[in-house]
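User: Hey, got a minute to walk me through this model? I'd like the plain version.
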Amino acid sequence: MQVGDKNYEILIRRRGETGYAAFCPELELIVNGTAHEQVENKMKELILEHVAKEQAASGGAQVETKS
């Protein structure tokens, strides 16, 4: 996932019969859930929240998001 000029990798892994996990190595975040799309979307939300907090702290403008 690209946000502005930064890339955030999202790795998704199936865990057993009914679980999935998404990991973002750049932010060291892990999300668990029961569906591939669920963990992917939750990780994207967390990445966007991180970027928004980072921008607010630096007083910067919003950046464009690319999937």
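User: Let's jump right in: what stands opposite A21 in β5?
Analyst: That's N32, which stands opposite A21 in β5. Strands and helices here are DSSP runs, numbered from the N terminus: strands are E runs of at least two residues, helices are H or I runs of at least four.

User: Before I go on, what kind of model is this?
Analyst: This is a predicted model, where local features need pLDDT of at least 70, side-chain atom pairs count only at pLDDT 80 or more, and totals for chains, interfaces and linings use all residues. Residues are numbered from 1 along each chain as its sequence is written, and side-chain values use heavy atoms, with hydrogens and water left out.

User: And where is confidence lowest and highest?
Analyst: Strand β6 (residues 65-66) is lowest with a mean of 64, and β4 is highest at 98. The protein averages a pLDDT of 90, and 88% of the residues score at least 70. pLDDT is the predictor's confidence in each residue, on a scale from 0 to 100.

User: Ok. How many helices and strands are there?
Analyst: One helix and six strands. Starting at the N terminus, the order is β-β-β-β-β-α-β.

User: Back to the sheet. What order do its strands take?
Analyst: It's an open sheet of three strands in the order β3-β4-β5, with antiparallel pairing. β3 and β5 are the edge strands, as each pairs on one side only. From one strand to the next, the twist averages 20°. Axes are lines fitted to C-alpha atoms, for helices over the stretch in contact, and angles run from 0 to 180 degrees between N-to-C directions.

User: How many bridges join β3 to β4?
Analyst: Five, between β4 and strand β3 (residues 11-15). Two strands count as paired if DSSP finds at least two bridges between them. Within that pairing, R13 has A21 as its bridge partner, and L11 has F23.

User: And on the β5 side?
Analyst: Five bridges join β4 to strand β5 (residues 29-33), and those two run antiparallel. One of the partners there is V31, which bridges to A22.

User: Is β4 mostly buried or exposed, and why?
Analyst: Five of the six residues of β4 (residues 19-24) are buried, so the strand is largely enclosed by the rest of the structure. Buried means under 20% relative accessible area, exposed means over 50%, and partly exposed is in between (1.4 Å probe, protein chains only). Across the 67 residues of the protein, 22% count as buried.

User: What about the turns? Which residue takes a positive phi between β3 and β4?
Analyst: G16, with a phi near 70°, in a hairpin that has three residues between the strands. The hairpin of β4 and β5 has four residues between them, and E28 in that turn has a positive phi of about 55°.

User: Why point out E28?
Analyst: Its phi is positive in a residue other than glycine. Most residues other than glycine have a negative phi. E28 is also exposed, at a relative accessible area of 67%.

User: Switching to the helix. How far apart are the end C-alpha atoms of α1?
Analyst: They are 33 Å apart, which agrees with the 33 Å that the 23 residues of α1 (residues 36-58) should span at 1.5 Å a residue. The expected span is 1.5 Å times one less than the number of residues. After α1 comes G59, with a positive phi near 70°.

User: Which residues of α1 are buried?
Analyst: V39, M43, I47, V51 and Q55 are buried. The buried residues of α1 pack against β1 (2-3), β3, β4 and β5, with contact meaning heavy atoms within 4.5 Å.

User: How does α1 run relative to β5?
Analyst: At about 150°, lying across β3, β4 and β5.

User: Last one: is K42 buried or partly exposed?
Analyst: K42 counts as partly exposed, at 35% relative accessibility. K42 is in helix α1, and its C-alpha is 9.9 Å from that of I30, with the two residues 12 apart along the chain.
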